[in-house]
Amino acid sequence: MTLPQIIGFGAHKAGTTWLHDNLIENPGICAPPMKEMQFFNHRMTGQKWMIPGMKRKLQRLRDKFGAAGKHDRADHYTKLLKLEMLTEEWYRAAYSRCPGDQQSLDITPAYALLDAENLRYMNELLGPGFKAIYLIRDPADRIISAVRKHMCESGDKQFSVEHWLRQITEEPHRKRSDYEATIQLLDETLGDRVLYLPFKQVKADPVALLRRVEKHCGLPAGDYPNASRVSHMSPRAHIPQGVQEAAQILLRRQYAWLEQRFTPDFLSDI
């Protein structure tokens, strides 16, 4: 296939890097140029700041593979750098090296924020056969992990309960915790093409989780030697007493909706 047939929608801070790093080891997968291609969310938002960031990422990868003597890969990144970033032409070119007997993937957590129009466009571009994966993590745990990562990376040293709660209620963090809106739209647009996976199983039984992905996506069995390895663990930071409980209260609608949508056994593993 010359376009990805496996799309990872997120959720952010719910094991998407782990999923990507293991799936590219599967013999039926042609590795994409990178995790988080950002194509569909850029099409929706048109955010210009994404362009220079993508260029820098491609340049680093080109230099990395060039230094390792993998000149075919380096030449591919050079080709992508010459095209207009994040256009449909660029996206098609990114997957042009994928042979016909393999599938490729695009795991970009920000795709969970796509609206109905852009999900329809994705459907038209990729065709009706592509499969989707969505990892679900406990709403409070997910948002606290995301805020902790953001605060540590930005050098934010304010660790009061009030400051944490302000961070949690900011729009970017809040929207990424809106499972109700995301899953309802995925259900309406993609139906049973979406495989929902519980986050805790990434640690409890990672190979079994990958077997479910293989079956859903029509992939051969892989070995996955690094299935038990943690990817992108959030930086350590002091979480004040009361933040967890406050996050659970703020997100009580999400908990109530998840209880209606999924089984108790599934929810016990998120």
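Accessible areas here come from the Shrake-Rupley method with a 1.4 Å probe. By that method, the protein on your screen, a predicted model, exposes about 13,400 Å², with carbon and sulfur atoms supplying 49% of it.

**The whole chain**

Start with everything selected and coloured by secondary structure: there are 15 helices and four strands. Along the principal axes, the C-alpha atoms fill a box of roughly 55 × 40 × 40 Å. The radius of gyration is 19 Å, which agrees with the value near 18 Å that a compact globule of 270 residues would have. If you colour by burial next, 50% of the 270 residues come up as buried. For a contact map, keep pairs at least 6 apart in sequence; 77% of those contacts join residues at least 24 apart.

**The second largest pocket**

Now select His20, Ile24, Pro33, Met34 and Lys35, the lining residues that lie nearest the centre of the second largest pocket. The space in this pocket comes to about 340 Å³, and 16 residues line it. Which helices should you show around it? Helix H1 (16-23), helix H3 (50-67) and helix H4 (71-82) each supply at least two lining residues. H3 gives the most, with four residues. Colour the lining by chemistry and you get eight nonpolar, three polar and five charged residues.

**Unusual backbone spots**

Most residues other than glycine have a negative phi, and most peptide bonds are trans. Here are some places to zoom in on with that in mind.

Go to glycine 10 and alanine 11, which are joined by a cis peptide bond with omega about 0 degrees. Alanine 11 sits in the loop between strand S1 (6-10) and H1.

Then pick glutamate 36, in the loop that runs between H1 and helix H2 (39-45). Its phi is positive, about 65 degrees, although it is not a glycine. Is this residue buried or partly exposed? Glutamate 36 is partly exposed, with a relative accessible area of 25%.

Tyrosine 224 also has a positive phi, about 55 degrees, without being a glycine. Look for tyrosine 224 in the loop between helix H12 (206-217) and helix H13 (243-250). Its relative accessible area is 4%, so it counts as buried.

**Serine 104 and its neighbours**

Next, centre on serine 104, in the loop between helix H5 (88-94) and strand S2 (105-107). Serine 104 is buried, at a relative accessible area of 1%. Show its contacts beyond four places in sequence: Pro4, Gln5, Ile6, Cys30, Ala31, Pro32, Tyr95 and Cys98.

**Two leucines to finish**

Select leucine 165 in helix H8 (residues 161-168). Leucine 165 is partly exposed, with a relative accessible area of 24%. Setting aside neighbours within four places in sequence, it is in contact with Ala246 and Leu250. Try a distance label from leucine 165 to alanine 246: they are 81 residues apart in sequence and 7.7 Å apart in space, C-alpha to C-alpha.

The last stop is leucine 258, in helix H14 (residues 252-261). Leucine 258 is buried, its relative accessible area being 2%. Which residues touch it, leaving aside neighbours within four places in sequence? Leucine 258 is in contact with Pro139, Tyr179, Ile183, Leu267 and Ile270. One more distance label, from leucine 258 to glycine 127, spans 29 Å between C-alpha atoms, for residues 131 apart along the chain.

How values were computed: Residues numbered from 1 in each chain as written. Predicted model: local features only at pLDDT ≥ 70, side-chain atom pairs only at ≥ 80, totals over all residues. Heavy atoms only, no water. 1 Å grid on protein atoms, 1.4 Å probe; cavity = no way out; pocket = protein on both sides within 12 Å on 5 of 7 lines; lining within 4 Å. Points joined across faces, edges and corners; volume = space filled by probe spheres on them. Nonpolar A, V, L, I, M, F, W, Y, C, P; charged D, E, K, R; others polar. Rg over C-alpha atoms; globule rule 2.2 N^0.38 Å. Buried < 20%, exposed > 50% of the residue type's maximum accessible area, 1.4 Å probe, protein only. Contact = heavy atoms within 4.5 Å.
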